[in-house]
Protein chains: 4
Amino acid sequence: MSEEKHSGGRPRDADAAASIKAATLKLVRERGYNKVSIAAIASAAGVARQTLYNRWSTKADLVLEAVFEETGHYADAPLHNPNKSCKLQLEAFLIQVFTHLKESGSPIRSLIAAAQDDPAFREALRERFVKPREVLVIDLLQRAQDQGELSRTRDVKMLSNFIHGAFWYALLNGEPVDARLARDIANEIFVA
Amino acid sequence: MSEEKHSGGRPRDADAAASIKAATLKLVRERGYNKVSIAAIASAAGVARQTLYNRWSTKADLVLEAVFEETGHYADAPLHNPNKSCKLQLEAFLIQVFTHLKESGSPIRSLIAAAQDDPAFREALRERFVKPREVLVIDLLQRAQDQGELSRTRDVKMLSNFIHGAFWYALLNGEPVDARLARDIANEIFVA
Amino acid sequence: MSEEKHSGGRPRDADAAASIKAATLKLVRERGYNKVSIAAIASAAGVARQTLYNRWSTKADLVLEAVFEETGHYADAPLHNPNKSCKLQLEAFLIQVFTHLKESGSPIRSLIAAAQDDPAFREALRERFVKPREVLVIDLLQRAQDQGELSRTRDVKMLSNFIHGAFWYALLNGEPVDARLARDIANEIFVA
Amino acid sequence: MSEEKHSGGRPRDADAAASIKAATLKLVRERGYNKVSIAAIASAAGVARQTLYNRWSTKADLVLEAVFEETGHYADAPLHNPNKSCKLQLEAFLIQVFTHLKESGSPIRSLIAAAQDDPAFREALRERFVKPREVLVIDLLQRAQDQGELSRTRDVKMLSNFIHGAFWYALLNGEPVDARLARDIANEIFVA
DNA sequence: GAATAATCGAGACGGTACGTCCTGTCTTCAA
DNA sequence: TTGAAGACAGGACGTACCGTCTCGATTATTC
């Protein structure tokens with residue numbers, strides 16, 4: 001069902017996509033998004049330049065896919081853990097996110113940057129990166145309100161903005177995005 | 001005293017700097033940062049391309065200066081207004097900042113983006129844009145604590161991060177950065 | 001056999017080479033070598049600038065090829081004509097060379113000039129322009145000696161230098177290089 | 001009489017001209033004419049760039065003066081030496097010229113090259129370098145005819161062209177311009 | 001002695017050209 | 001039809017020069 005029909009012609013090289021994404025991640029981490037050309041990625045992947053254009057329409061698309069291929073799935077992981085307080089669940093979630101960033105922080109910063117001049121790409125980033133995390137956090141905060149751990153007077157949407165905003169702000173300003181930040185954010189959100 | 005000494009050689013054309021910055025702002029607002037070439041700025045300013053290179057080492061530097069030349073001073077404006085509650089002062093401050101962004105939001109988004117691939121430039125942006133606003137907000141929050149308007153249990157540094165983070169998050173995600181957001185942020189900070 | 005193998009990749013546009021060389025000759029004759037920029041040639045040929053760099057490493061190389069493409073072959077023409085005296089054969093040969101110069105004298109002067117600052121290019125010019133003509137003249141003079149038309153005491157290598165030197169000297173000094181010069185040279189060589 | 005009246009204003013620095021010419025010769029010999037910029041000469045001479053423009057209108061003019069300043073006078077030296085045969089006088093003269101070229105050959109090649117794109121400069125070179133040597137050689141050859149050392153049937157103007165042409169040809173083709181060439185030329189001219 | 005005027009060091013300016021790099025498209029051959 | 005290879009149009013980049021110009025400072029001559 002997920003297999004597209006192959007109607008004649010040479011089939012796509014299955015290995016190509018993997019080696020391209022690997023080369024993309026490697027180069028972007030080493031040199032930074034803007035210092036990596038499409039030609040350099042193709043060359044590092046041992047692939048013709050056209051092969052990249054066959055599959056991704058822009059460099060941003062490619063990097064987006066490369067970055068979230070491997071690690072994009074953790075967002076589906078069950079955040080709900082009845083044994084822990086919501087505050088600790090939030091902290092644990094942030095630590096999980098920040099750990100991923102330790103490796104891919106630079107590419108993600110680059111993606112956010114690339115999104116600023118390309119509305120279509122900004123939307124893609126929103127769908128794949130931003131919204132899933134917002135949903136998780138908002139759910140968690142609502143659960144906290146249901147369980148009386150968080151006051152019903154708090155605006156969970158704005159709190160979510162505070163949480164994500166705080167880590168974007170640190171990320172984009174080059175400040176450490178680590179366990180300490182996760183704890184400080186969680187503490188301040190659940191302060192009252 | 002603030003004038004740099006002129007130690008020989010033809011002095012720089014004072015008009016040139018102004019027309020270059022004006023052309024820069026105009027073009028960046030119209031087309032977006034990455035769609036504007038240095039040659040186009042020079043041409044619009046009626047100036048030789050080399051003249052830009054004589055004064056700014058990168059396009060980011062130029063745009064940074066152009067954006068904050070005119071509006072960078074309002075941060076010095078007295079934020080302290082004894083007749084208003086701190087919450088309203090915060091809201092007023094944010095409205096002021098957001099008003100500026102209505103005009104220069106796109107260039108500033110571009111600057112934040114450009115900073116992600118250039119540590120030196122990120123530092124410059126931090127000094128000229130980020131830090132001054134942090135200082136203002138932190139002072140205000142501390143005053144609020146002194147006056148009993150804000151609980152001493154709150155971490156003003158993290159609250160400042162929430163405030164700035166919330167607006168960066170909205171800005172970079174293409175959501176409205178307006179008076180409503182200012183009010184919502186102020187409300188949530190002073191919620192208790 | 002003389003065709004270079006095509007080992008993958010889009011083949012070079014055959015028309016492009018022709019139109020580039022044509023534009024090169026036209027512009028160099030009109031404006032002079034140093035007044036013609038690579039960009040101007042590309043533009044006149046309706047071709048991207050990079051296409052020129054793909055094929056020739058320097059402007060001198062390009063002009064060299066353009067100048068000798070059309071007319072470089074006459075050197076192969078049989079100089080040996082048993083019905084004429086060697087003196088008249090020399091005169092006819094020089095007239096032939098000088099006629100070519102009437103059209104391309106300016107580009108050739110430019111090539112000689114360009115060769116003075118580029119040893120590699122000087123060698124190329126020697127191979128394509130200088131040596132073939134030396135060989136022809138030396139052969140002719142030796143034939144003249146064999147037939148008793150020229151004394152065996154003469155040094156044909158030096159006489160060849162006299163002949164070519166005289167016409168370079170005239171060419172580079174802006175003096176007429178015409179049939180009269182051809183006759184005068186031939187007369188003086190066969191004077192005795 | 002050769003001193004121009006100085007009617008007010010700071011007089012020109014007398015040392016400047018010397019150090020400029022020295023720097024010019026040094027740099028042109030080291031790097032070649034086209035690889036030397038006016039700015040580099042000024043810098044090497046410890047002089048402002050404008051000072052060069054105050055005195056010479058083009059780089060070619062400057063180099064012309066620099067090259068012939070020191071050695072341009074030998075052409076006035078008496079070539080007539082009754083004790084030697086004209087052939088030996090010619091050989092001695094050529095050796096004298098070629099010795100100068102051993103040091104300044106490269107700049108002179110450059111000057112001939114530069115002249116090809118600048119008629120005014122070609123004329124200047126002709127006056128200062130070409131014609132004086134032609135006159136000397138023609139006089140010598142006429143003396144040789146008067147004394148019976150050279151046949152009256154020879155065209156001394158063309159012989160002069162042969163002589164100068166032969167050495168230009170060698171010079172511009174990168175062949176040795178030395179005592180051996182001087183002897184070979186003299187021998188062949190006086191062959192009969 | 002003061003005014004005048006040309007020169008000098010320094011360096012900005014308008015301009016032209018350079019050679020490199022990159023993007024996205026196209027065109028060939030081979031699989 | 002895909003892939004490898006590479007040419008092509010187009011455009012931006014940063015650098016290097018050129019010849020001109022504009023400063024402040026200097027150094028003569030002329031008044």
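# A walk through a predicted four-letter assembly: chains A to D

Okay, let's start with chain A: of its 192 residues, 50% are buried, where buried means under 20% relative accessible area, exposed means over 50%, and partly exposed is in between, using a 1.4 Å probe and protein chains only. Before I go on, this is a predicted model, so local features need pLDDT of at least 70, side-chain atom pairs count only at pLDDT 80 or more, and totals for chains, interfaces and linings use all residues. As for bookkeeping, residues are numbered from 1 along each chain as its sequence is written, chains are lettered from A and ligands numbered from 1 in the order in which they are written, and side-chain values use heavy atoms, with hydrogens and water left out.

So what is chain A built from? Eight helices and zero strands, and along the sequence that reads α-α-α-α-α-α-α-α. When I say helix, I mean a DSSP run of H or I with at least four residues, a strand being a run of E with at least two, and both are numbered from the N terminus. Now take the contacts in chain A between residues at least 6 apart in sequence: 65% of those join residues at least 24 apart. A contact here means heavy atoms within 4.5 Å. On the outside, chain A exposes about 9500 Å², and carbon and sulfur atoms supply 50% of that; the areas come from the Shrake-Rupley method with a 1.4 Å probe, and for residues only the protein chains shown count as cover.

Next, how the copies sit together. Chain B superposes on chain A with an RMSD of 0.4 Å after a rotation of 179° and 0.0 Å of shift along the axis. The same surface serves both copies, since 100% of the contact residues of chain B recur in chain A. For chains D and C, a turn of 179° and a shift of 0.0 Å along the axis lays D on C, with an RMSD of 0.4 Å. That is the relation of a two-fold axis. These fits are least squares on the C-alpha atoms of residues with pLDDT of at least 70 in both copies. And 100% of the interface residues of chain D are also interface residues in chain C, so those copies meet through the same surface.

On to the charged pairs. How many salt bridges are there over all chains? The structure holds 33, and a salt bridge is a side-chain nitrogen of Lys or Arg within 4 Å of a carboxyl oxygen of Asp or Glu. Here's one between chains: Glu175(D) with Arg126(C), closest N and O atoms 3.1 Å apart. It runs from the loop between helix H7 (156–172) and helix H8 (179–189) of chain D, where Glu175(D) sits, to Arg126(C) in helix H6 (residues 119–146) of chain C. Glu175(D) is partly exposed at 24% relative accessibility, while Arg126(C) is buried at 10%.

Now swap the letters. Arg126(D) and Glu175(C) meet in a salt bridge too, 3.0 Å from N to O. This pair also crosses between chains, from helix H6 of chain D to the loop between helix H7 and helix H8 of chain C. Arg126(D) is buried at 10%, and Glu175(C) is partly exposed at 24%.

There's also a pair inside one helix: Asp184(B) and Arg180(B), 4.0 Å from N to O. Both lie in helix H8 of chain B, four residues apart, about one turn of the helix. Is Arg180(B) buried or exposed? At 55% relative accessibility, Arg180(B) counts as exposed, and Asp184(B), at 21%, as partly exposed.

Staying with H8, but over in chain C: its buried residues are Leu181(C), Ala182(C), Ile185(C), Ala186(C), Glu188(C) and Ile189(C). Down the axis of H8(C) they fall within an arc of 165°, so they line one face of the helix; that arc is taken from the directions from the helix axis to the C-beta atoms.

Last topic, the rings. There are 14 aromatic pairs over all chains. Rings of Phe, Tyr and Trp (its six-membered ring) pair if their centres lie within 6.5 Å, and planes under 30 degrees apart count as stacked, over 60 as edge-to-face and the rest as tilted. Phe68(C) and Phe129(C) make a tilted pair, 5.1 Å centre to centre with 40° between the planes. Phe68(C) is in helix H4 (residues 59–71) and Phe129(C) in helix H6 of chain C, so the pair ties together parts 61 residues apart in sequence. Both of these Phe residues are buried.

Then Tyr169(C) and Trp168(D): centres 5.0 Å apart, planes at 85°, so that pair is edge-to-face. Tyr169(C) lies in helix H7 of chain C and Trp168(D) in helix H7 of chain D, so the pair joins two chains. Tyr169(C) and Trp168(D) are both buried.
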